[in-house]
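Welcome! Below are some short exercises on reading a protein model, each with a worked solution. Try each task yourself before you read on.

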Amino acid sequence: MITLRNVLRLNSISSGVTGLLLTIVPGIFSNLFEVSSTSPFFWTGIFLVTFATAVGVVSIGKHLQRSSVIAITLADSLWVVGSIVLLILPIGISVIGKVLIFGVAAWVTLMAILQYKGINESHPEQSFRQS
């Protein structure tokens, strides 16, 4: 069963793994994107590890806080908007880089949609604490 709690856990895991990869081996990504600097990948990785930790904490709480889930969904939505901007701007990113950006944006869009649906549907195992 796809529950909001499970979607949040999946979001946390996928964000965390991506973040760790970007932090540990940013050079691989700079090569794939055909850019010289590894710094954007490293710092994006740090952000994602931090985000994943926060999402993980929210997902394991006894009661999901509606405001926290909304904030996570908003952050995911902003990620997608940022990805679209990167794809539109005339910056020197390789085709492989653009495909990776698009793929991650599609995944994050799915997470945001499922979270949005989860916020608005009630499940017996899901309880919100208003905050």
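Two residues are in contact when they have heavy atoms within 4.5 Å of each other. This is a predicted model, in which local features need pLDDT of at least 70 and side-chain atom pairs count only at pLDDT 80 or more, while totals for chains, interfaces and linings use all residues. Residues are numbered from 1 along each chain as its sequence is written, and side-chain values use heavy atoms, with hydrogens and water left out.

**Exercise 1. Find S30 in its helix and list what it touches, leaving aside neighbours within four places in sequence.**

Step 1: Locate the residue. Helices (H or I, at least four residues) and strands (E, at least two) are DSSP runs, numbered from the N terminus. S30 belongs to helix α2.

Step 2: Decide how accessible it is. Buried means under 20% relative accessible area, exposed over 50%, and partly exposed in between (1.4 Å probe, protein chains only). The relative accessible area of S30 is 5%, so S30 is buried.

Step 3: List the contacts. With those sequence neighbours set aside, S30 is in contact with V35, S37, T38 and F41.

**Exercise 2. Check the length of helix α3 and work out where its buried residues sit.**

Step 1: Compute the expected span, which is 1.5 Å times one less than the number of residues. Helix α3 (residues 39–60) has 22 residues and should span 32 Å; its end C-alpha atoms are 32 Å apart, so the two agree.

Step 2: Collect the buried residues. In α3 these are F41, G45, L48, F51, A52, V55, G56, V58 and S59. They cover an arc of only 150° around the axis, so they lie on the same side of α3. Here the arc is that of the directions from the helix axis to the C-beta atoms.

Step 3: Look at the other side of α3, where W43, T50 and V57 are exposed.

Step 4: Ask what covers the buried residues. The cover includes α1 (4–24), α2 (26–33), β1 (64–65) and α4.

Now repeat the length check on α1. Its 21 residues should span 30 Å, and its end C-alpha atoms are 30 Å apart, so this helix agrees too. Among the buried residues of α1 are L4, L8, N11 and L22.

**Exercise 3. Which residues make up the largest nonpolar core, and which element gives the largest share?**

Step 1: Recall the rule. A nonpolar core is a set of buried Ala, Val, Leu, Ile, Met, Phe, Trp, Tyr and Cys residues joined through side-chain atoms within 4.5 Å.

Step 2: Apply it. The largest core has nine residues, namely L4, L8, F51, V55, V58, L64, V69, I72 and I119.

Step 3: Sort by element. α1, α3 and α4 each give two or more residues to this core, and α3 gives the largest share, three residues.

Step 4: Look for another core. A second, separate core of seven residues includes L22, F33, F41 and I93.

**Exercise 4. Classify the aromatic pairs F33–F41 and F42–W43.**

Step 1: Set the rule. Rings of Phe, Tyr and Trp (its six-membered ring) pair if their centres lie within 6.5 Å; planes under 30 degrees apart count as stacked, over 60 as edge-to-face and the rest as tilted. The count by this rule comes to five aromatic pairs.

Step 2: Take F33 and F41. Their centres are 5.0 Å apart and the angle between their planes is 65°, an edge-to-face pair. Both F33 and F41 are buried.

Step 3: Take F42 and W43. Their ring centres are 5.0 Å apart and their planes stand at 85°, so this pair is edge-to-face. F42 is partly exposed at 27% relative accessible area, whereas W43 is exposed at 54%.

Step 4: Look for a cluster. F29, F33 and F41 form one aromatic cluster.

**Exercise 5. Is Q115 buried or exposed, and which side chain makes a polar contact with its own?**

Step 1: Q115 is in helix α5 (residues 95–120). Its relative accessibility is 0%, so Q115 counts as buried.

Step 2: A polar contact is a pair of N or O atoms within 3.5 Å; within protein, one must be able to donate a hydrogen and the other to accept it, and residues adjacent in sequence count only if both atoms are side-chain atoms. The side chain of Q115 makes such a contact with the side chain of N11 (2.7 Å).
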